[in-house]
Amino acid sequence: MNSGELRLSDYEKGFLTGFYFTEPDIQKDSLNRDEDNDWYGVHIGERVFDLCVWKDDDIDNEVCVVYECYLNDGGFWNTDTSKQWFLKESKDATKPKEL
């Protein structure tokens, strides 16, 4: 694991992968997705994650990156983009990234 990779358990990776491939909003949006980022939040236990999904340069390749969110002092969720996990990269857009 490199220093920029988000630490996730196997369970969290599996849950996030399942969410990505079965969440109706993500699947519906994929029909009309463009280069703009679409964001989806998901809670797993006490952790909260944002999935950022977009179409890469080749319009047929979708990318999904997972970031962790933290509750700030004002009671709002902030996305920490310093560490990420690539759930789906453009080079393997037809299948999820290996767990």
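The following paragraphs lead through the structure of a single chain, from its overall fold to its charged network, its core and its cysteines.

The structure is a predicted model. The chain has an average pLDDT of 82, and 77% of its residues score at least 70. Among the secondary-structure elements, helix α1 has the highest confidence, at 94, whereas helix α2, residues 24-30, has the lowest, with a mean of 74. Over residues 92-99 the pLDDT stays under 50, although the model has 18 contacts beyond four places in sequence for this stretch. Where pLDDT is low, the predicted coordinates should not be read in detail.

The chain contains two helices and four strands. Their order along the sequence is α-α-β-β-β-β, so that both helices precede the strands. The chain has 99 residues, of which 35% count as buried. About 6200 Å² of the chain is exposed, and carbon and sulfur atoms supply 47% of that area. Among contacts with a separation of 6 or more, 40% are between residues 24 or more positions apart.

The charged side chains offer a starting point for the interior. Side chains of opposite charge can pair when their charged atoms come close. The structure holds two salt bridges. In one of them, glutamate 12 pairs with arginine 47, with 2.8 Å between the closest N and O atoms. This pair links distant parts of the chain: glutamate 12 lies in helix α1, residues 10-22, and arginine 47 lies 35 residues away in strand β2, residues 47-55. Arginine 47 also forms a salt bridge with glutamate 68, where the closest N and O atoms are 2.7 Å apart. Here too distant parts of the chain are linked, since arginine 47 belongs to strand β2 and glutamate 68 to strand β3, residues 62-71, with their positions 21 residues apart. Through the shared partner, Glu12, Arg47 and Glu68 are joined into one network.

How exposed are the members of this network? Glutamate 12 has a relative accessibility of 9% and therefore counts as buried. Glutamate 68 is likewise buried, at 10% relative accessibility. Arginine 47, with a relative accessible area of 22%, is partly exposed, because the cut-off for a buried residue is under 20%.

The nonpolar residues come next. In soluble globular proteins, nonpolar side chains tend to be buried together. The largest nonpolar core of this chain has 16 residues, and those with the most contacts inside it are Leu16, Tyr20, Phe49, Leu51, Val66, Trp85 and Leu87. Two or more residues of this core come from each of α1, β1 (38-44), β2, β3 and β4 (77-88). Leucine 51 illustrates the packing: beyond its neighbours within four places in sequence, its contacts include Leu16, Phe19 and Tyr20, as well as Ile26. The contacts of leucine 51 also include Trp39, Tyr40 and Val42, together with Cys64, Val65 and Val66.

Cys64 leads to the question of disulfides. How many disulfides does the structure have? The count comes to zero. Cysteine 52 is in no disulfide, and the nearest cysteine sulfur, that of cysteine 64, is 7.8 Å away. That separation is too far for a bond, because a disulfide requires cysteine sulfur atoms within 2.5 Å. Cysteine 52 is buried, at 2% relative accessibility, and cysteine 64 is buried as well, at 0%.

Two further residues can be placed by their distance from valine 48. Threonine 79 is located in strand β4. Its C-alpha is 9.2 Å from that of valine 48, although the two residues are 31 positions apart in sequence. Threonine 79 is partly exposed, with a relative accessible area of 31%. Not counting residues up to four places away, threonine 79 touches Trp39, Asp50, Tyr67, Glu68 and Cys69. Glu68, a member of the salt-bridge network, is thus one of the residues that threonine 79 touches.

Leucine 71 is found in strand β3. The C-alpha atoms of leucine 71 and valine 48 are 9.1 Å apart, with a sequence separation of 23 residues. Is leucine 71 buried or exposed? At 52% relative accessibility, leucine 71 counts as exposed. Outside its neighbours within four places in sequence, leucine 71 is in contact with Phe76 and Trp77.

Definitions and conventions: Residues numbered from 1 in each chain as written. Predicted model: local features only at pLDDT ≥ 70, side-chain atom pairs only at ≥ 80, totals over all residues. Heavy atoms only, no water. Buried < 20%, exposed > 50% of the residue type's maximum accessible area, 1.4 Å probe, protein only. Contact = heavy atoms within 4.5 Å. Areas by Shrake-Rupley, 256 points an atom, 1.4 Å probe, with all protein chains shown as cover. Salt bridge = Lys/Arg side-chain N within 4 Å of Asp/Glu carboxyl O. Core = buried A, V, L, I, M, F, W, Y, C linked by side-chain atoms within 4.5 Å. pLDDT = per-residue confidence, 0-100.
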